[in-house]
Amino acid sequence: MKKVILGVAMLAAIGLVSCKNEAKKETETKEVQTEQTSTKEVAMTTATFGVRGNCGMCKNTIEKAVNGVDGVASADWDKLRKQINVSFDDSKTNLDAIHNAIAASGYDTDKVASNEEAYGNLPGCCQYDHNMEMSLKGDVKADETSNH
């Protein structure tokens, strides 16, 4: 009796794993097809501007805020230079919307001051000096907060 129950359990487990893999393959195929059918030439605009912040957690929050703006293709915040490089479709968004998204997440840009309530909700390591320099040039040394 135990062998029968064990056999049925093994067949059920194999069946579930097999179904899961098939569903995953179908999803991957659909994503590829969608990308292929929706390819069209889009002129991307790039911009670099200052954003205050301290650590890796700041980087994640800032980049997440920017990537949440419709039309943004990529965002990379440099914590040492205190600046962000953004690539976006200017037919869908503009720099003001990107600056405002960053400010809403609690960070100052060189154009827009942060939302004070959002700034207050940042972790302690992310609460930067509001007089911090942005868009630093030349050699920049790594700071103590590199492990955050």
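**Figure 1. Contacts across the chain in the predicted model.** Of the contacts in the protein chain with a separation of 6 or more, 60% join residues 24 or more positions apart. The chain has 148 residues, and 32% of them are buried. About 10,000 Å² of the protein chain is exposed. Carbon and sulfur atoms supply 54% of that area. The secondary structure amounts to 4 helices and 3 strands. Read from the N terminus, the elements follow the order α-β-α-β-β-α-α.

**Figure 2. The open sheet of 3 strands.** The strands lie in the order S1-S3-S2, and their pairing is antiparallel. S1 and S2 stand at the edges. Each has a single partner strand, so one side of each is left without a neighbour in the sheet. From one strand to the next, the twist averages 15°. Strands of a sheet pair through backbone hydrogen bonds, in a parallel or an antiparallel way.

**Figure 3. Strands S1 and S3 side by side.** These two strands pair in the antiparallel sense over 7 bridges. Thr 48 has Asn 85 in S3 as its bridge partner.

**Figure 4. Two helices packed on the sheet.** Helix H2 touches S2 and S3. The direction of H2 makes about 160° with that of S2. Helix H3 touches S1, S2 and S3. The direction of H3 makes about 45° with that of S1.

**Figure 5. Helix H3 and its cover.** H3 spans residues 95-104. Its buried residues are Ile 98, His 99, Ala 101, Ile 102 and Ala 103. The cover over these buried residues includes strand S1 (44-50), helix H2 (56-67), strand S2 (72-78) and strand S3.

**Figure 6. The two ends of H3.** Asn 94 caps the N-terminal end of the helix. A side-chain oxygen of Asn 94 lies 3.1 Å from the backbone nitrogen of Asp 96. Just after H3 comes Gly 106, with a positive phi of about 110°.

**Figure 7. Gln 83 and its surroundings.** Gln 83 is found in strand S3, which covers residues 83-89. Is this residue buried or exposed? Gln 83 has 15% relative accessibility, and because buried means under 20%, Gln 83 counts as buried. Neighbours within four places in sequence are left aside in this view. Gln 83 is then in contact with Thr 48, Phe 49, Gly 50 and Val 51. It also contacts Asp 76, Trp 77, Asp 78 and Ser 135.

Key. Residues are numbered from 1 along each chain as its sequence is written. This is a predicted model: local features need pLDDT of at least 70, side-chain atom pairs count only at pLDDT 80 or more; totals for chains, interfaces and linings use all residues. Side-chain values use heavy atoms; hydrogens and water are left out. Buried means under 20% relative accessible area, exposed over 50%, partly exposed in between (1.4 Å probe, protein chains only). Contact means heavy atoms within 4.5 Å. Accessible areas come from the Shrake-Rupley method with a 1.4 Å probe; for residues, only the protein chains shown count as cover. A polar contact is a pair of N or O atoms within 3.5 Å; within protein, one must be able to donate a hydrogen and the other to accept it, and residues adjacent in sequence count only if both atoms are side-chain atoms. Two strands pair if DSSP finds at least two bridges between them. Axes are lines fitted to C-alpha atoms, for helices over the stretch in contact, and angles run from 0 to 180 degrees between N-to-C directions.
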